[in-house]
Amino acid sequence: MMDGDFIASKDFPPLKNDTFLKAAWGEVTDYVPVWCMRQAGRYLPEFRETRATQDFFTTCRTPAICCELTLQPLRRFPLDAAIIFSDILVIPQALGMEVTMVPGKGPTFPEPLTEPVDLVKLQENVDVTQELAYVFQAIMLTRHKLKGKVPLIGFSGAPWTLMAYMIEGGGSNTMAKAKRWLYQYPEASHKLLKILTNVIIDYLVGQVTSGAQIVFAKDAHYALEDISQSGYEVVGLDWTIQPKVARERTGEKVTLQGNMDPCALYASKDKISATVKKMIEEFGTQRYIANLGHGMYPDMDPEHVATFVDAVHTHSRQMQE
């Protein structure tokens, strides 16, 4: 991919709230920035209303609707970042695989990869500027519609995650079929991972060029030492690791993000506030981005999300006085 393959708009509105980016870069912030994984989701009635008009992947391919869904939580909550509405499985689709969203089951591949010979079905030289143009268009449109309110995050699934979906035919708790490939077909597995890696690189570069302003590694607690030395600016943590332990293992080289158990949002508002306070005390107010340890669930109360966001801002400001 040549540098000139992506042409991004040069007239994005100036950024008004850069606290999220400052925290990511290790700069001093006045308070702890906060956003939520899956903040554009079914817990919002306006999201459900918008999504009811068409199927999931048609929505992903419609920039205007992706933009609207991305902006919806920003209208409700004083979040410090937006994240583009999309899905990690747009990459297998770009490679030529069919993916459908089955109600009650989730993403499904009608014809998953079963044997190495199936790799011939994949497009090895994917032109992401064409196949994933709708994502880049959604990012550019959203940057303009945000009017500089907050930064916009882009994302992608990792090669192994996508490989597992493509072989399992959908989500899997054991990933036994995909792991079988690793042991029985090591050469084909490396080939598939290489194909995915090449597309992901082009895809992420395209997102940044289109206007996305940061990419981070998530669920990396098992390799914190390695990740902290790999060049990433932000490492996301799930709720299974203690903040102090994560700090000790990463030092001050990276910004940490997380890691409140999403289920804590089912608690009372007072309990949510107390949990947030404890979390910030353990992480500290610098080089830290508050978030949940994973995405929000569809049945969560938006008012409790508001309590979470407000508690992060309030407690972190008080701790810095």
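Is C66 buried or exposed? This tour of a predicted model returns to that residue after a view of the whole chain.

**The whole chain**

Begin by displaying the entire chain as a cartoon. There are 14 helices and seven strands to be found in it. Next, show the C-alpha atoms alone and turn the view along the principal axes: these atoms fill a box of roughly 60 × 40 × 40 Å. A compact globule of 321 residues would have a radius of gyration near 20 Å, and the 20 Å of this chain agrees with that value.

Now switch on the surface. The accessible area of the chain is about 15,100 Å², and carbon and sulfur atoms account for 52% of it. As for the residues themselves, 52% of the 321 count as buried.

Contacts may be considered next. Taking contacts between residues at least 6 apart in sequence, 74% join residues at least 24 apart.

Then select the charged residues, colouring positive and negative charges separately. The chain has 32 positive and 38 negative charges, and the mean positions of the two sets are 3 Å apart.

**The cysteines**

A disulfide is a covalent bond between the sulfur atoms of two cysteines. With a limit of 2.5 Å between the sulfur atoms, the number of disulfides found is zero. Select C66, which takes part in no disulfide: its nearest cysteine sulfur belongs to C60, 5.6 Å away. The opening question can be answered here: C66 has a relative accessibility of 1% and therefore counts as buried.

Move on to C263. Why does the sulfur of C263 form no bond with the closest cysteine sulfur? That sulfur is in C36, at a distance of 14 Å, which is too far for a bond. With a relative accessible area of 37%, C263 is partly exposed.

**P262 and its surroundings**

Select P262 next. This residue belongs to the loop that links β6 (255-260) to α13 (269-283). Its relative accessibility is 0%, so P262 counts as buried.

Which residues are in contact with P262, when its neighbours within four places in sequence are left aside? Display the side chains of W239, L292, G293, H294, G295, Y297 and M300, for these are the residues in contact with P262.

As a last step, select L193 together with P262 and draw a line between their C-alpha atoms. The two residues are 69 residues apart along the chain, and the line spans 31 Å.

Definitions and conventions
Residues numbered from 1 in each chain as written. Predicted model: local features only at pLDDT ≥ 70, side-chain atom pairs only at ≥ 80, totals over all residues. Heavy atoms only, no water. Helix = DSSP H or I, 4+ residues; strand = E, 2+ residues; numbered from the N terminus. Rg over C-alpha atoms; globule rule 2.2 N^0.38 Å. Buried < 20%, exposed > 50% of the residue type's maximum accessible area, 1.4 Å probe, protein only. Contact = heavy atoms within 4.5 Å. Areas by Shrake-Rupley, 256 points an atom, 1.4 Å probe, with all protein chains shown as cover. Lys, Arg positive; Asp, Glu negative; His and termini not counted. Charge placed at Lys NZ, Arg CZ, Asp CG, Glu CD.
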